[in-house]
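The exercises below are meant to be worked through with the sequence and the coordinates side by side. Please attempt each task before reading the solution that follows.

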Amino acid sequence: LDTSALPERLRTAPAAPAAVADPEPTAAPAASRAPRNAAEESLCRLFTEVLGEQVVSVDDNFFLLGGSSLQVTRLVGRIRKELGAELTLRTVFENATVATLAEALGLADAAAARPALTVRPRPERLPLSAAQNRLWFLNQMADGSGKAAYNDGLTVELTGRVDTAALRAALADVAGRHESLRTVFPVEAGAPRQHVLDAAAARPELLVTEVADAAALEEQLGRAAARGFDLATEIPVRAHLFTLADDRHVLLLVVHHIAGDGWSVAPFTRDLGRAYSARLHGAAPQYEPLPVQYADYTLWQQDVLGDEDDPTSVLAQQIAHWKHTLAGLPEELPLPTDRPRPAVAGHQGGRIAFRLDAEVHERLLALARSTGASVFMVAQAALGALLHRLGAGEDIPLGTVIAGRTDDALGDLVGFFVNTLVLRTDVSGDPTFRELVERVREYDLTAYAHQDVPFERLVEILNPVRSLARHPLAQVTLALDDNEPPVLEFEGLTATVRHLQTDTAKFDLSFRLGERFDADGRPAGLDGTVEFARDLFDEETVRTIGDRFRRLLGAATADPAARIGSLDLLGPAERTRLLTEWNDTTFAVPSATTPQLVAAQAARTPDAPALVFEDTTLTYRELQDRAGRLAALFARHGAGRGRSVAVALGRSTDTVVSMLAAMRAGAAYVPVDPAYPAERIAYILEDSRPALVVTTTALQDALPEDGTPRLLLDTAALPADPAPEAPITPQDAAYVIYTSGSTGRPKGVVVSHTGVASMAAAHLAWFGGGPGHRVLQFSSPSFDASIWEMLTTLATGSALVLAPAERLAAGEPLATLLAEQRVTHATLPPVVLAAMGEARLPADMTLVTAGEACSAELVARWADGRRMVNAYGPTESTVCATMSSPLSTGAGAPTIGRPITNTRVHVLDAYLNPVPVGVPGELYVTGPGLARGYLNRPGLTAERFVADPYGPAGSRMYRTGDLVRWTADGELDYLGRADDQVKIRGFRIELGEVETALLGHPAVAQSAVVVREDTPGDKRLVGYVVPAGSPADVDPAALRTHVGTTLPDYMVPAAVVVLDALPVTANGKLDRRALPAPDFAVLSAGRAPA
């Protein structure tokens, strides 16, 4: 190394003084190299002083000797002070030996070294540091427990007799030594300032209380620790001595965070112990004078960072970096919470602990060494991967604190220097864990090089949507305890120091890790804690999250080449519960086609009513006879196995008979609604290419002239004899239902007979069946819900009640029909139930709600006195896949239940891994009820019907596109669509939650909420309401205010539109496309045009 290229101060730096060396220095190993010049000698000395371990070789590696990120910061500060060179943390990470760092120093620009921190002239009005400003603001905004959210400190168990006078004097000595402990923050001209009180006038409070027992002690400690500070008038430190006996005490030391940080604990306790010992002997402590005070740092920080309006200043350049780096940052991290986020955070917190063993610790250190990363970086990669796997997305912002003591003069000073950094963890593309650690290392080193922008100023510049409900920019934090441990030596006393733990939470989740080493310096494990917000989480949930972090970090360090999507989060028992126990639905059912199932039922109850339409009734015997003869007629027109029959008859008994006849002839039933637009009907007929279309003279004009043979049922003569049983199996197509397609063209779902018997068995298990049960046929025949109504009824011996469309209108018409026809079972969409008005449903009936999310309000209105069940199922799974237990009032929003007979469901992540309980995932359905696929759409079929990795060889599962999560008792919460997720300004929004809030207003009878983008790129939340009474009673502005009282601001609709009724589709579902666009110029949004 050519030392002539180094700054003069570096070339002439003295060698390490003898006092630094061990009494009997250990010679360097034969293979190591001793320092060869002044630069290397200086660095060996600085390594030794920072690490507290003798460094004698230029090949010693700072990190292999136990160096942490915090110690790197200290090393950079010492190099700046003693060698006059400015290094970044990246330089040390990339040049971790004395030899390589000395070479890097030769390239460093001495002129770039920051000016040293020295005593500064005090202005008349001393401003707050940037870090103090935010804590002052938070203190002003907080009330109740929030006032204590930033209380820090220690509890010290003392054995022996305490001299309270000496302790009180010692506390005053420490406050006298450190100005930050006797600084108050009065407000002048609307802004706070630092006011340093005279030491004689700022003696910390010391209360002495006798307590009876440990229980009383805990209660008193909690109460004392939760006392907030009035920062305008109270110094930010107080003490409380609790006496259990003459020789048993607990000292509580509370310091507001505005006056101290984690690093401050060591100098505070060191100075307090020295002062107590001196005061015992009637003397003042003889402290080494501090080079600077916190006020000097505040002024120095402003000078060093410069003016952000000056593009050449440090501050301006670092701000530019963060504006680019944090562009598009998620404003809120989706977490697997137990409760929705309140409008205002309560700050009540809890804490759980977990432990990583020595083997994992050793592997973690090895991975850190091999990637040139720190322990913190490996832990950050693991936490980012965990949150990603728990549904937080691919862009994971994590907050962390950095010591901020970038000048060596700050080493022994008590004060608040830490800054918060936002570490953006990119987990996209399913990287290996090693690759993720390398990504994290690259990001973090750049972040460390731009650590000086105060977090508070960064928030102002980035200007995220502000909310009192959450912390800005990052809601999850990670910290590694690498501060010097506190040691409190009181003469004549045995002291055991513990950090203060208050029942508060600043963030949603705060992870903290601390390394342990044995007596020989070998890794002995890591101790971890997670502090959590009780607003959002139950303790057991967070305990499980901690267990998953431990499991993932163990697996990732055991195989760093594994992709993060493959790392197992589940324990064996949990995996068995999710995949097996909660899917234990096996039940023996006949291996029969639908006609065979109905025929068997007809043989059991031939004279029982099968179909009822107004005053007309068909028995099972008559149904069988008519369907058999009609099947023969269909066969003469070409119907048979591998063909289909389109039925365009509307609501009538003939539709049911034609459905059975088509299946009995061996063909698939294709329902066609004559009320559909001609273009849609033409497409269905062209796509399905039926052997014939069954309609009537009155309806045929609605059908296109496409050459398909027509059978006019009202003029056709039926054969005398029924058709023989067609040679089909349960695997043959039973029906084809057309559903909306993403391309704008409907897609035909081909469903076989295999799932019908299981669907009927589920109906019997949940609701019973047979003579005396009368089931309403409500759904349009073109929708698969009609298949559920028709086939579960006819396969179980109940009577199917049909009616004209006008008698099925929500309100009095429907209620009258149900009463007149003595209906015992009905499946009704939530939108119909919500529109019933004052009409009542018969008592004691069974009510199934399906098709859309059902609200708690609907359950509260309709569940009492009835058996009410929430059902879910895609067309691709023989109508129904899951059903809930009977619903009850007061249980909250209903689940969609658990899988029905012979159906299995999986909740999987993007890597097809089962997700844990409480974590959103996509719902996959499997079992004999799965459709064969989409007619004439092999590509789409292959995309949506995929191999089932958890079933027998060759089995398939259907990807529903629906987001759900398991509840703790094995039911499913429906969350919305995975492929059409509602997101505004980066927030994931569950529209049902906003609808529920609107329904909570007494003036609202029905509500719907959608996201509109009437102007490209301008997404807005819009609410639509139907008044419960007079429209004049509905004030849209008041409704928005009402929603804002229970939900965060980003969930308040930008406009509310009042409608006479919510538009519905032919199947009774909400017609979202028919909702009118609001006038955003008038946010109070009056009535929509009639």
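**Exercise 1.** Determine whether S42 is buried or exposed, and state in which helix S42 is placed.

Solution. In this predicted model, the step to take is a comparison of the relative accessibility of S42, which is 0%, with the cut-off for burial, which is under 20% relative accessible area. S42 therefore counts as buried. Locating S42 along the chain then places this residue in helix 2, which covers residues 38-51. As a further step, one may take F455, which lies 413 residues from S42 along the chain, and find that the C-alpha atoms of the two residues are separated by 35 Å.

**Exercise 2.** Work out how many residues of helix 13 are buried, and describe the backbone of the residue G393 that comes just after this helix.

Solution. Helix 13 spans residues 375-392, and 18 of its 18 residues are buried, so this helix is largely enclosed by the rest of the structure. Moving on along the chain, one reaches G393 just after helix 13, where phi is positive at about 95°.

**Exercise 3.** R822 has a positive phi although it is not a glycine, and so has T878; find the loop that holds R822 and the loop that holds T878, and decide for R822 and for T878 whether the residue is buried or exposed.

Solution. The background to the task is that most residues other than glycine have a negative phi. For R822, phi is about 55°, and the residue sits in the loop that leads from helix 24 (812-820) to strand 26 (825-828). Its relative accessible area of 53% is to be held against the limit of over 50% for exposure, so R822 is exposed. For T878, phi is about 45°, and the loop in question lies between strand 28 (867-872) and strand 29 (882-883). With a relative accessibility of 2%, T878 counts as buried.

**Exercise 4.** Reconstruct the strand order of the open sheet of 5 strands, identify its edge strands, and describe how helix 7 and helix 8 are placed relative to its strands.

Solution. Reading across the sheet gives the order 6-7-8-1-13, and the pairing is mixed. The edges are formed by strand 6 (205-210) and strand 13 (494-499), each of which pairs on one side only. From one strand to the next, the twist averages 20°. Strand 6 runs parallel to strand 7 (residues 237-245), to which it is joined by 6 bridges, and E210 stands opposite T243 in strand 7. Helix 7 (residues 164-177) packs on the sheet, where it touches strand 6, strand 7 and strand 8 (248-256), and its direction makes about 150° with that of strand 6. Helix 8 (residues 214-225) lies across strand 1 (151-159), strand 6, strand 7 and strand 8, and it runs at about 175° to strand 7.

**Exercise 5.** State how many helices and strands the protein has, what share of its residues counts as buried, and how far apart the mean positions of its positive and negative charges are.

Solution. The count gives 29 helices and 41 strands, and of the 1090 residues, 57% count as buried. The mean positions of the 99 positive and 134 negative charges are 3 Å apart. To complete the picture, the C-alpha trace spans about 120 × 65 × 60 Å along its principal axes, while the accessible surface comes to about 43600 Å², of which 51% belongs to carbon and sulfur atoms.

Note on methods:
Residues are numbered from 1 along each chain as its sequence is written. This is a predicted model: local features need pLDDT of at least 70, side-chain atom pairs count only at pLDDT 80 or more; totals for chains, interfaces and linings use all residues. Side-chain values use heavy atoms; hydrogens and water are left out. Helices (H or I, at least four residues) and strands (E, at least two) are DSSP runs, numbered from the N terminus. Buried means under 20% relative accessible area, exposed over 50%, partly exposed in between (1.4 Å probe, protein chains only). Accessible areas come from the Shrake-Rupley method with a 1.4 Å probe; for residues, only the protein chains shown count as cover. Lys and Arg count as positive and Asp and Glu as negative; His and the chain ends are not counted. The place of a charge is taken as NZ of Lys, CZ of Arg, CG of Asp or CD of Glu. Two strands pair if DSSP finds at least two bridges between them. Axes are lines fitted to C-alpha atoms, for helices over the stretch in contact, and angles run from 0 to 180 degrees between N-to-C directions. Contact means heavy atoms within 4.5 Å.
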